[in-house]
Every structure is written in C-alpha cells, then in structure tokens.
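I opened the notebook on this model to look up how its chains meet and what lines one of its pockets. The entries below follow the order in which I looked.

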Amino acid sequence: MLAELTAIAFNEEGFMTDPNEWTKEIAEVLAQQEAIETLTAEHWKIIDFCRQTGLASGNAPTLRQISAGTGISTKELFALYPKGPAKKVAKIAGLGKPEGCV
Amino acid sequence: MTDQPRKIAFICSKGDLDMAYPALIMGWAALGNGIDVTMFFTFWGLDLVTKKRVDRLEIAPVANTSFKMSMMGLPTGNLGIPNIMGIIPGMTAFATWFMKMKMKALDVPPVREYLEMLSDGGAKMYGCKMTVDMFGIKKEDFLPCIESVVTAGDFMDMTEGAQIVFI
C-alpha cells in the first residue's frame with residue numbers, strides 16, 4: 001500500500017507539496033493514515049469539491065466553504081472526517097493546509 | 001503528541017459584540033485541529049447564548065481607547081472618537097452596525113450562527129449557575145447549544161487537564 005507514497009513529496013506537516021501528483025489511489029492510502037478506513041460516496045463528494053475549488057483558487061477551502069459548497073452540514077462533516085474535517089480533507093485531497101479562520 | 005487528546009476551555013464573561021468573537025474564533029480553530037472544546041458562559045457572557053440578546057449584542061465607542069477614526073478608512077491616524085461624541089444617541093448603534101458590516105465582508109458568521117457551528121462541531125457549552133440564579137434566566141431562554149447550567153465547581157471537574165482561556 002505504501003508503495004504509492006514513496007515517490008510523493010510531503011511537507012513537514014504531512015500535506016502533499018504538489019497537488020498534481022495526487023491520484024484517487026493515493027487518497028485511499030492517505031485516508032487510512034488519517035484513520036478513515038473506507039472512503040464512501042459522501043467522503044468523495046467532499047474530496048471532489050475540495051479538489052475542484054482548491055485547484056482553482058490555489059487554497060484548500062475552509063470548513064464553512066465546504067459546507068456551503070457541498071450542502072453537507074457541519075455535523076455531518078465532523079462525522080465523516082472526525083477531529084478537524086477541513087484539515088483532514090485537504091490532506092487526503094493532496095492540497096495544502098486550509099488558511100483562514102472560519 | 002501525547003495519547004490524551006488536547007483540551008481547551010473558554011470562560012466567556014463579556015457580552016459586548018467585540019468580546020463575543022475571540023472564543024468563537026479560537027474555539028472553531030480548535031475544533032478544526034481536533035481539539036476538545038468546552039465553553040462556560042458567565043455573567044455578561046450569558047448574553048451570547050440567550051435567545052433575546054444574541055442578535056442584539058453591541059459595541060460602544062465610549063471609553064474604548066482602541067476606537068480610532070482611521071478604522072473607518074479616514075486618514076486620521078491615531079485620532080480617536082472623542083468620548084463626548086461617543087455619548088451622542090446612535091453612536092453605539094453606528095459602531096455596532098460598522099463592526100457587523102466589517103465582519104460580514106470577511107465572511108465571518110453572526111454570533112448565533114457561529115455558536116450553532118461550534119455546537120455542531122462538538123463543542124460543549126454550559127451556563128453559569130450562579131449568574132443564572134442572579135439574573136433569573138430560565139433554561140428556555142437559552143439557545144439550544146447550551147447543554148445545561150452548571151456550577152463553577154462542575155466546570156472545574158469537567159475541564160480537568162484542559163487549557164483554560166478567560167475572556
């Protein structure tokens with residue numbers, strides 16, 4: 001499983017430095033590292049949204065932007081990605097750390 | 001990193017609009033970093049979680065030495081709003097409107113919505129028993145984010161090992 005990750009560069013906080021190196025297989029491995037065993041369709045909906053907006057703007061979206069953009073409530077986001085959804089999704093989606101306070 | 005999850009607790013004692021935000025912003029950041037959040041509302045801080053008060057929080061320019069006219073984009077440097085002007089009727093309403101507008105421009109949610117986000121994100125919120133008794137507030141006066149009314153001693157018990165921030 002870890003073979004996919006050997007060629008990938010990460011920064012000291014564990015975020016991928018080049019979002020273009022990202023693949024869906026890498027996301028699966030990174031999710032497991034974040035203690036998310038299987039990525040469901042709901043998980044992917046959020047990852048896809050973050051990839052889309054993140055690549056377009058150059059910044060990973062904040063939790064509030066994810067909630068507004070996907071229509072998935074804050075409660076559900078915390079259930080799908082426990083303990084810090086925005087940061088976790090950004091990591092799994094191969095984006096940088098989300099900036100901004102809300 | 002230790003095995004114990006990091007915990008942080010906020011004591012919110014102020015009911016001014018500007019003093020409502022520190023705990024909300026830091027609490028939200030803490031939740032986003034996987035940190036356990038507890039909030040204890042006491043004295044004027046209960047305004048933030050009271051249905052009748054939450055949308056009517058204000059900021060008064062009187063005796064606020066940080067209030068500078070330059071905040072409104074005027075090239076007035078360190079010139080403050082004179083206290084004598086601060087007491088003119090409508091000045092508090094103006095300052096409040098102004099701050100709300102600035103926050104909205106930054107996409108910062110209003111206090112009511114922020115509390116709901118924090119609650120949905122797993123923050124635990126409590127009212128202070130002594131203040132509730134003193135002000136004669138009832139459970140139904142609170143926003144649903146308030147789980148219960150607890151004593152200072154209860155708060156100490158439930159925040160064992162937490163970092164505590166007093167606002």
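Entry 1, the interface. I started with the area that chain A and chain B bury between them, which comes to about 1200 Å², 55% of it on carbon and sulfur atoms. In chain A, I found that A:Arg64, A:Lys83 and A:Val102 lose the most area to chain B, and that together they account for 47% of what that side buries. The model is a predicted one, and I read these values with that in mind. Counting residues in contact, I noted 10 from chain A and 16 from chain B.

Entry 2, polar links. I looked for salt bridges across the interface of chain A and chain B and found 3 by the rule. In one that I looked up, A:Arg64 pairs with B:Asp107, with the closest N and O atoms 3.2 Å apart. I also listed 5 residue pairs in polar contact across this interface, both residues of each pair being at pLDDT 80 or more.

Entry 3, the side of chain A that touches chain B. I saw that helix H3 (63-70) and helix H4 (74-80) of chain A are the elements giving two or more residues to this side, and that H4(A) supplies the largest share, 3 residues. By class, I recorded 4 nonpolar, 2 polar and 4 charged residues there.

Entry 4, the second largest pocket. I noted about 330 Å³ of space in this pocket and 16 residues in its lining, with A:Pro98, A:Gly100, B:Ala29, B:Gly32 and B:Asn33 nearest its centre. Helix H5 (85-92) of chain A and helix H1 (17-32) of chain B each supply at least two lining residues, and H1(B) gives the largest share, 4 residues. I classed the lining as 9 nonpolar, 5 polar and 2 charged residues.

How values were computed:
Residues are numbered from 1 along each chain as its sequence is written. Chains are lettered from A and ligands numbered from 1 in the order in which they are written. This is a predicted model: local features need pLDDT of at least 70, side-chain atom pairs count only at pLDDT 80 or more; totals for chains, interfaces and linings use all residues. Side-chain values use heavy atoms; hydrogens and water are left out. On a 1 Å grid over the protein atoms alone, a cavity is a set of points where a 1.4 Å probe fits but cannot get out, and a pocket is an open set with protein on both sides within 12 Å along at least five of seven lines; lining residues have an atom within 4 Å of a point. Grid points are joined across faces, edges and corners, and a volume is the space filled by probe spheres set on the points. Ala, Val, Leu, Ile, Met, Phe, Trp, Tyr, Cys and Pro count as nonpolar, Asp, Glu, Lys and Arg as charged, and the others, Gly among them, as polar. Contact means heavy atoms within 4.5 Å. Buried area is the accessible area (1.4 Å probe) that two parts lose on being put together, summed over both. A salt bridge is a side-chain nitrogen of Lys or Arg within 4 Å of a carboxyl oxygen of Asp or Glu. A polar contact is a pair of N or O atoms within 3.5 Å; within protein, one must be able to donate a hydrogen and the other to accept it, and residues adjacent in sequence count only if both atoms are side-chain atoms.
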